[in-house]
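Thanks for coming, everyone. Let me put the model on the screen and walk you through it.

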Amino acid sequence: MPNKGSLSEAAAQMLREAGYAQRSDPKELVLLDEANGVEFFYLRPRDIAVYVGEGTLDVGITGRDMLLDSGADADEVIPLGFGRSRFRFAAPVGSERTIADLHEKRLATSYPGLVGGYLAERGVHPRLITLDGAVETAIRLGVADAIADVVETGTTLRQAGLELFGDPILHSEAVLIRRRGADSTAGLDLLQRRLNGVLVARNYVMMDYDVSDQYVDAACAITPGFESPTVAPLARQGWLAVRAMVPRAEAQKIMDDLWAIGARAILVTDIAACRI
Ligand SMILES: Nc1ncnc2c1ncn2[C@@H]1O[C@H](COP(=O)(O)OP(=O)(O)OP(=O)(O)O)[C@@H](O)[C@H]1O
Ligand SMILES: O=P(O)(O)OC[C@H]1O[C@H](OP(=O)(O)OP(=O)(O)O)[C@H](O)[C@@H]1O
Ligand SMILES: [Mg+2]
């Protein structure tokens, strides 16, 4: 588990929702969850891929960017939907650079493996200046001509007087990782099912509505659900009750579409937990 930084709290929250114990004190380094037979180690997110790649830890949560930067023998198992960012090049506003301009120029980053590999594939070989953080300041302080760093809202870049250039190097988010080629274990399958349950509960809602039987096929086409919607007769002749899971982000649009074909009493409820 990430011990601090952007991923730490969201990762712990997700594990809690999946039914695992998590530390209450951010200074705790290890936590034994006896009920689930899991030992959690709280480590720097950058180091997690190294431990997992070496096989000393079975699984870990880190950023996709950090996994790729490490070059560790570890693979992504599932994306976890938080810690989303883009990895981008930036230079002072108005400098209108392209990636080719970086050749033999000073490029500051905390992710030399990721950035060096990306540019080498394109035949560009900059002088990489590896910094621990606050990379945006490196240009102002005369250490670099351009940077490559994590961008979420873009606020940090703007405040440093920088602008993006080139295509995104990577779209990153928190990922569950395990050692490359490791056998699947019952414990990992269970963890994956639980985390997947949390993701589905977060990303879907349950939708219930009533519709007259002549429109039920059209309604079910709008809400096909995961497998198939539940359709049950209402006491009122010629009317049916339908229940299906729908993507949370599309719920309002789906309600409008159902209303337009005559569905009524359309209700949306949260899913607390699930196994799909
Ligand atoms: N502002 C952000 N928004 C979303 N994700 C981010 C943000 N900053 C970093 N991340 C992601 O979080 C992961 C860990 O980065 P983080 O910045 O937490 O580690 P760090 O730089 O080692 O720690 P710290 O910045 O606390 O010293 C990376 O995968 C990164 O992409
Ligand atoms: O686009 P924004 O929303 O501004 O977010 C991006 C910033 O967030 C992270 O910084 P962090 O706080 O982790 O500090 P660090 O650079 O020292 O790692 C990242 O390194 C960027 O600097
Ligand atoms: Mg950081």
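**Sheets, ligand shells and core**

Start with the open sheet of four strands. Its order is S12-S13-S11-S14, and the pairing is antiparallel. Strand S12, residues 230–233, sits at one edge, and strand S14, residues 264–270, is the other edge strand. Each of these two pairs on one side only. Neighbouring strands here are turned against each other by 20° on average, direction ignored. One caution before I go on: this is a predicted model.

Now go through the pairs. S12 meets strand S13, residues 239–247, in the antiparallel sense, over four bridges. For a register point, take Pro233: its bridge partner in S13 is Leu240. S12 and S13 form a hairpin, with five residues between them. Look at Gly238 in that turn. Its phi is positive, about 80°.

On to the S14 side. Strand S11, residues 204–212, pairs with S14 over five bridges, again antiparallel. Two positions fix the register. Val205 has Asp270 of S14 as its bridge partner. Met206 stands opposite Thr269 in S14.

How many of the seven residues of S14 are buried? The number is zero, so S14 lies largely in the open.

Next, the open sheet of three strands. The order is S3-S10-S4, with antiparallel pairing. Strand S3, residues 59–63, and strand S4, residues 74–79, are the edge strands, and each pairs on one side only. From one strand to the next, the twist averages 40°. S4 is joined to strand S10, residues 174–179, by five bridges, and the two run antiparallel. Within that pair, Glu76 has Ile177 in S10 as its bridge partner.

Keep Ile177 in mind for a moment. Asp145 is 32 residues away from Ile177 in sequence, and the C-alpha to C-alpha distance is 34 Å. Where is Asp145? In the loop between strand S7, residues 127–130, and S8. Asp145 has 21 other C-beta atoms within 10 Å; 20 is enough to count as buried, so Asp145 is buried.

Compare a second loop residue, Leu102. Leu102 is found between strand S5, residues 85–92, and strand S6, residues 106–109. Buried or exposed? Leu102 has 25 C-beta neighbours inside 10 Å, so Leu102 counts as buried. Then look across to Arg127. Leu102 and Arg127 are 25 residues apart in sequence, and 8.6 Å apart in space, C-alpha to C-alpha.

Now the ligands. Ligand 1 is surrounded by 16 residues. Which come closest? Gly5, Ser6, Gly63, Ser85 and Glu152. By class, the shell around ligand 1 has four nonpolar, seven polar and five charged residues. Two helices contribute: H2, residues 45–54, and H3, residues 64–70, each supply at least two residues of that shell. Both domains take part as well. Domain 1, 8–82 plus 173–183, gives at least three residues to the shell around ligand 1, and so does domain 2, 85–172.

Ligand 2 next. There are 13 residues around ligand 2. Gly133, Glu152, Thr153, Thr155 and Thr156 come nearest. Glu152 was also on the list of closest residues for ligand 1. Two elements give two or more residues to the shell around ligand 2: S8 and helix H5, residues 155–159. S8 has the largest share, three residues. By class, the shell around ligand 2 has four nonpolar, six polar and three charged residues.

S8 comes back in the core, which is my last stop. A general point first. In soluble globular proteins, nonpolar side chains tend to be buried together. Here, the largest nonpolar core has 53 residues. Ala49 and Ile147 have the most contacts inside this core. Strand S8, residues 146–151, gives the largest share of the core, five residues. Where does this core lie? Domain 1 and domain 2 both give residues to the core, so it lies between them.

To recap. Domain 1 and domain 2 both contribute to the shell around ligand 1, and both give residues to the largest nonpolar core. S8 gives the largest share of the shell around ligand 2. S14, the edge strand, has zero buried residues. Over to you for questions.

Note on methods. Residues numbered from 1 in each chain as written. Chains lettered and ligands numbered in written order. Predicted model: local features only at pLDDT ≥ 70, side-chain atom pairs only at ≥ 80, totals over all residues. Pairing = 2+ DSSP bridges. Axes fitted to C-alpha atoms, helices over the stretch in contact; angles between N-to-C directions. Near = placed C-beta within 6 Å. Nonpolar A, V, L, I, M, F, W, Y, C, P; charged D, E, K, R; others polar. Domains from an automatic or database assignment. Core = buried A, V, L, I, M, F, W, Y, C linked by C-beta atoms within 7 Å. Buried ≥ 20, exposed ≤ 12 C-beta atoms within 10 Å, placed from the backbone.
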